[in-house]
Amino acid sequence: MADHVLIVDDDTRLSAMLAEYLTGNGFRVTTAAAALEGIAEIGRRPPDAVVLDVMLPDIDGFEACRRIRQVSDVPVLMLTAKGEETDRIVGLELGADDYLPKPFNPRELLARLKAILRRRGAPNAGAPGLLRFGRLEIDPGSRTVRLDGRACDLTSYQFDLLVALARNAGRTLSRDQLMDMVKGQELEAFDRSIDVHVSRIRAAIETDPKHPRRIVTVRGTGYVFARFQAEDD
């Protein structure tokens, strides 16, 4: 069955254009002109992905993303203001999986949608076994992370980023390397997005996120996932 995409945008002309374009590329599309309408639609018919605009008539896209994350882990692609880095960072901090600044090329939106859907589904097939690091367990098969047996809440993008780091434990990875590993293709390079996602991962898996011992920053280079730490003994 075709993947179902929900577009939440009050620009009806843009929504209609995107719906036609995505339908022509094999997607099923539903549209909503307001945030609360879109959130209700997710409750009725959970989509495979959401395209969410920031500027909406009832509540803004940031609050909508926060509310969506309270009820669903559906991948969210946010449409942000042109060139506004702050919008992108806020969206990622609230749980968005990716972002796209307006105006945009529909082909790029299609590529990003396919990327987040591929990240969400592909790792289940032929995924290696459980990754264990002391108190931390990462299961690529079920796409779950547990710390001391407690589930950690991560977006699809953040999970894949954590897996990329964990599979290369002990090796320093640059931001460009991480983006290539997780996205699987070159889109727009935005280094700060990696930093925001790493911050969210640390909040989920580190005992003290402000003084991380698992995902360590290598100044001027990138990040390294520590194989061992004292608390794992």
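**Exercise 1. The start of helix 1**

In this predicted model, find which backbone nitrogen a side-chain oxygen of Asp-11 reaches at the start of helix 1.

*Solution.* Go to the beginning of helix 1, which covers residues 12-24. From Asp-11, follow the side chain to its oxygen: this atom comes to within 3.3 Å of the backbone nitrogen of Arg-13. Now travel to the other end, where Gly-26 follows the helix with a positive phi, near 95°.

**Exercise 2. The faces of helix 1**

Work out which residues of helix 1 are buried and why they line one face of the helix.

*Solution.* Begin with the helix itself: its 13 residues reach 18 Å from the first C-alpha to the last, close to the 18 Å expected at 1.5 Å a residue. Next, pick out the buried positions, which are Leu-14, Ser-15, Leu-18, Ala-19 and Leu-22. Looking down the axis, you will see these buried residues within an arc of 130°, so they line one face of helix 1. Finally, turn to the other side, where Thr-12, Arg-13, Glu-20 and Gly-24 are exposed.

**Exercise 3. A pair of rings**

Classify the arrangement of the rings of Phe-133 and Phe-225.

*Solution.* The count of aromatic pairs comes to 1. The ring centres of Phe-133 and Phe-225 are 4.7 Å apart and the planes meet at 65°; planes over 60 degrees apart count as edge-to-face, so that is the class of this pair. Then place the partners: Phe-133 belongs to strand 6 (residues 131-133) and Phe-225 to strand 12 (residues 222-225), so the pair links distant parts of the chain, 92 residues apart. As a last step, check burial: both Phe-133 and Phe-225 are buried.

Terms used. Residues numbered from 1 in each chain as written. Predicted model: local features only at pLDDT ≥ 70, side-chain atom pairs only at ≥ 80, totals over all residues. Heavy atoms only, no water. Phe/Tyr/Trp six-rings, centres within 6.5 Å; stacked < 30°, edge-to-face > 60°. Helix = DSSP H or I, 4+ residues; strand = E, 2+ residues; numbered from the N terminus. Buried < 20%, exposed > 50% of the residue type's maximum accessible area, 1.4 Å probe, protein only. Expected span 1.5 Å × (residues − 1). Arc of directions from axis to C-beta. Polar contact = N/O pair within 3.5 Å; in protein donor to acceptor, adjacent residues only side chain to side chain.
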